[in-house]
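Biologist: I'd like to go through this one with you and ask how each label was earned. Could you show me the sequence and structure before we start?

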Amino acid sequence: GDGTFGFFPMSQVSLQGMSTTLSFSNSLYFSALLGDSSTVNLSVMNPGEVQGVITSISSTNPLFHVVDQESTVEPGETLTFPVTFAPDDTSSQSGQLQISWLNPGQEFQAEVPLHGNVLFNVEEDLALQGDFFELVSLYDTPDDLDAGGIFGAVADLVIVYQDNGGMYIPPPLNINTIGEVDLTRGYQLFCGENSELTVSGVSVPSITEYSISAGPWNWIGYPYLPPTPVETALSDITDAVEIVVTDDGRIWIPALNINTLGDMQAGEGYMVIVNEDVTFQYNPGELGLAAAPALSPSPSPSGSHALASESSVWEIPDVAGAPRPTGLPYAVIVRLGNDLKKLNPVLIELYDGDLLVGKAVVLDDHDLTPVIAWGGSEEHGVSGFTRGDKITVKLRGADGSEMPITASGSIHTLP
């Protein structure tokens, strides 16, 4: 094949001498720009001692084209048949190559799966909130993946962090331990003022594989332009997912059936913990749009963070006096016992000393109430809890009075 995108350039079909057994190395995968085409070779091998005659090769999907011709495959010979994928819209495509042959005189048939991914030119414009740790990802592939080339033009950029400890600091320090940006990962940007990240390139192929390691926080990206419910997008690894968190404090905890996250969005980054190492491909449903959506900055404290794409998404009420989000969220899940419920608490507050770091309305329609504690950074002048400090939980009634019941614990890890 042309090998332009390096995804499985050929498949092999073995025709065994007097046998009906076929062995396939792989399906055929294509990545083609909209308005262009991609060609991949089907390779057919005869390892036997009897001549085989291919009588027909056809595709069940007309967007995959192969020249139908009768061909003889001699013992020990390998023939290649070019298959071309020419998409006419942005939808991913699939189909089958149907192959018929005689060996000798007896007719056999086989099918080779076809998968076509459509690529298109994208300009990514992400609004960045100042004094906020914004977790972003790329949904296009720029010509230059160097972190300096991608993030260096962001106005008022202070620093970019990677989950493995890498960082980029713009000139005059000009420190780059990230190197090339990994399109599957999320990157945490901190800007002194509101700014914007603009990147142009080709859309990320739908067959891109993502890897998440067990134990630590992983920052991953989501590359597909149509918003997709998190339960759908991560359906292949649901059993392994402990928690998914966004920089604005939306969460998905499958084991507790908590979902305030809603849809995964192109350009956002996600903090994830899994209980085992996983490698997966997103299940984004309808893939691809011809133009990028307008993506807004992270929601402000004045708005509800929950998205209502599915009925399973929890609606989180606004709460007056909540601390300002910092982009460093930590989810605290509160379950009130029956004795506490009788007191009719209305608010749950989290404190680091005298500093309010989290506040939420008690949810009447759920046994659990998620409260986001916001971490701080003394280095960057951001107020929030300090890792390892004691966090105190307080309950308040409808009149705002504090109830004589508290609990405490420590937060030792940040996403």
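Biologist: Let's begin with Arg250 and Asp248: buried or exposed?

Modeller: Both Arg250 and Asp248 are buried. That word has a cut-off: under 20% relative accessible area is buried, over 50% is exposed, and anything in between is partly exposed (1.4 Å probe, protein chains only). Before we go on, this is a predicted model, where local features need pLDDT of at least 70 and side-chain atom pairs need 80 or more, while totals for chains, interfaces and linings use all residues. Residues are numbered from 1 along each chain as its sequence is written, and side-chain values use heavy atoms, leaving out hydrogens and water.

Biologist: What makes Arg250 and Asp248 a salt bridge?

Modeller: The rule asks for a side-chain nitrogen of Lys or Arg within 4 Å of a carboxyl oxygen of Asp or Glu. Here the closest N and O atoms are 3.1 Å apart, so the pair passes the 4 Å limit. In general, side chains of opposite charge can pair when their charged atoms come close. Asp248 and Arg250 also belong to a salt-bridge network together with Glu268.

Biologist: How many salt bridges does the structure hold?

Modeller: There are six. One of them joins Lys341 and Asp367, at 3.8 Å from N to O. That pair links distant parts of the chain, 26 residues apart: Lys341 is in helix H3 (residues 338–341), and Asp367 is in the loop between strand E30 (355–361) and strand E31 (368–374). By the way, helices (H or I, at least four residues) and strands (E, at least two) are DSSP runs, numbered from the N terminus.

Biologist: Why is Lys341 called partly exposed, and why does Asp367 count as exposed?

Modeller: Lys341 has a relative accessible area of 36%, which falls in between the two cut-offs, so it is partly exposed. Asp367 comes out at 51%, so it is over the limit for exposed.

Biologist: What makes Lys359 and Glu349 another salt bridge?

Modeller: Their closest N and O atoms are 3.9 Å apart, so they still fit the rule. Lys359 lies in strand E30 and Glu349 in strand E29 (residues 347–352), so this pair ties together parts that are ten residues apart in sequence. Lys359 is buried, with an area of 17%, and Glu349 is buried too, with 4%.

Biologist: How do you know which strands make up a sheet?

Modeller: Two strands pair if DSSP finds at least two bridges between them. One open sheet has five strands in the order E3-E10-E9-E5-E7, with mixed pairing. Strands E3 (28–33) and E7 (71–73) are its edges, each pairing on one side only. Inside that order, E9 (residues 93–102) and E10 (residues 107–119) pair in the antiparallel sense over ten bridges, so they clear the minimum of two. Ile99, for instance, stands opposite Ala110 in E10.

Biologist: Which strands stand at the edges of the open sheet ordered E12-E17-E14-E15-E16?

Modeller: That sheet also has five strands, with antiparallel pairing. Its edges are E12 (133–136) and E16 (175–176), each with a single partner strand, so one side of each has no neighbour in the sheet.

Biologist: What makes Phe30 and Phe85 an aromatic pair, and why is it called tilted?

Modeller: Rings of Phe, Tyr and Trp (its six-membered ring) pair if their centres lie within 6.5 Å; planes under 30 degrees apart are stacked, over 60 edge-to-face, and the rest tilted. By this rule there are twelve aromatic pairs. Phe30 and Phe85 are 6.1 Å centre to centre with 55° between the planes, so they pair, and the angle makes them tilted. Phe30 in strand E3 and Phe85 in strand E8 (residues 78–85) are 55 residues apart. Phe30 is buried at 1%, and Phe85 is buried at 0%.

Biologist: How do you know that the charged end of Lys394 sits over the ring of Tyr351?

Modeller: The test wants NZ of Lys or CZ of Arg within 6 Å of the ring centre and within 35 degrees of the ring normal. Lys394's charged end is 4.5 Å from the centre of Tyr351's ring, so the distance part is met.
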